[in-house]
Amino acid sequence: MSDLNQIIINVKKEINLINNIKELNIFKVKYLGKKGYISSQFLLLKKLTKQEKIENSTIINNIKKQIKTLIKQHKNKLESNNIKFQVLNKKIDITLPGRYFKMGSQHPITMVIYDIENFFIKLGFKITESQEIEDVYHNFDALNISENHPSRTEQDTFWLNKKNLLRTQTSNMQIRMMKILNPPIRILTSGKVYRNDYDNRHTPMFHQIEGLLIDNNINFLELKAILSLFLKYFFDEKLKIRFRPSYFPFTEPSLEVDIMGTNNKWIEVLGAGMVHPNVLGNININLLNYSGCAFGIGVERLAMLRYNINDIRLFFENDIRFLKQFK
Ligand code: PHE
């Protein structure tokens, strides 16, 4: 009894071997019951002096307290193990319906871009990337857009500071690519462009696809052929197409292409033209050897016509009921 620690160590060893509540109850009776270990120790005190009784009873009470705590702890442990056991061995009802994962799919704009790219890849165009944050030089100056052109104003363009802006057109790619590639050049880029506009036909961000062709003998006929082949591929062999003279500072001559909608009205779908000599000159491309053409396609416009959508904002509201239809 004097060796308190030894007793507790033995009790611990013994209790750790117990793995069910029934055995734990037997153990409890053995130590704390009426005829158990602790009671028997108290009985032994009778023979001792008063002083010894006091000292020893304190020790016995201390041991009793510790055994009680150990039993309580072990009980908790056995109970939580029991819950784990139940969970692990739970019966699974294999007839219950499973939980389905919701599958995502490509956004209709992405689908249209990939489709357009596939067509131009077959004509030998290489796909390139270009940047959305641009400087005045690549978005306006190098494209022959005069300093007082209205598109440069704050009503039209999102300026980041005096020199930088969110590009208003993918034509910035023409300049960036002509600077690093040597002709012949045949490239296509797609991406987001930004303009300060908002209604059912305009959102502040939309997508364009830009094509650029520079070679020895590029002429207007070639441009027209590429564009009509493309539109017939994208819509329908029998599609009615109209080429209309237009103006862009960076192409000369310039044209716009309209297609006949289901409502028998002409709808503009893209702008194009022969790259302006000033633009080629800005990049030091030899005008005697090379000429080029470029085109810019409004992706949302084409997608709206193909899928019969009447509000461009639907593309960006992320309503799952709308997006689900394009799987
Ligand atoms: N960048 C023009 C626009 O945004 C489209 C265009 C591209 C026109 C290339 C001619 C050549 O309207």
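This text walks through the ligand site of a predicted model and the two largest pockets in the protein.

The ligand is a good place to start. It is surrounded by 14 residues, and the closest of them are Gln 169, Ser 171, Arg 195, Gln 208 and Glu 210. Three of these residues have a side-chain N or O atom whose distance to the ligand can be given. For Gln 169, that atom lies 2.8 Å from a nitrogen atom of the ligand. For Ser 171, the distance from a side-chain N or O atom to a ligand nitrogen is 3.0 Å. Gln 208 faces an oxygen atom of the ligand instead, with 2.9 Å between that oxygen and an N or O atom of the side chain. Taken alone, the ligand would expose 330 Å², and the protein buries 90% of that area.

Which strands give two or more residues to the shell around the ligand? They are strand E5 (205–215), strand E8 (266–275) and strand E9 (291–298). E9 gives the most, with 3 residues. By class, the shell holds 5 nonpolar, 7 polar and 2 charged residues.

The next step is from the ligand to the space that holds it. The ligand takes up space in the largest pocket, and about 920 Å³ of space lies in that pocket. Its lining is made of 38 residues, and those closest to the centre are Arg 195, Phe 206, Gln 208, Phe 248 and Glu 268. Arg 195 and Gln 208 are also listed among the residues closest to the ligand. Two or more lining residues come from each of E5, strand E6 (241–248), strand E7 (251–260), E8, E9 and helix H10 (299–307). The lining divides into 15 nonpolar, 14 polar and 9 charged residues.

The second largest pocket comes next, with about 450 Å³ of space. It is lined by 16 residues, and Thr 262, Ile 267, Met 304, Leu 305 and Asn 308 are the closest to its centre. Which elements each supply at least two residues of this lining? They are E7 and H10, and H10 gives the most, with 3 residues. E7 and H10 also appear among the elements that line the largest pocket. By class, the lining of the second largest pocket has 8 nonpolar, 5 polar and 3 charged residues.

Terms used: Residues numbered from 1 in each chain as written. Predicted model: local features only at pLDDT ≥ 70, side-chain atom pairs only at ≥ 80, totals over all residues. Heavy atoms only, no water. Near = heavy atom within 4 Å. Polar contact = N/O pair within 3.5 Å; in protein donor to acceptor, adjacent residues only side chain to side chain. Areas by Shrake-Rupley, 256 points an atom, 1.4 Å probe, with all protein chains shown as cover. 1 Å grid on protein atoms, 1.4 Å probe; cavity = no way out; pocket = protein on both sides within 12 Å on 5 of 7 lines; lining within 4 Å. Sits in = over half its atoms within 2 Å of the grid points. Helix = DSSP H or I, 4+ residues; strand = E, 2+ residues; numbered from the N terminus. Nonpolar A, V, L, I, M, F, W, Y, C, P; charged D, E, K, R; others polar. Points joined across faces, edges and corners; volume = space filled by probe spheres on them.
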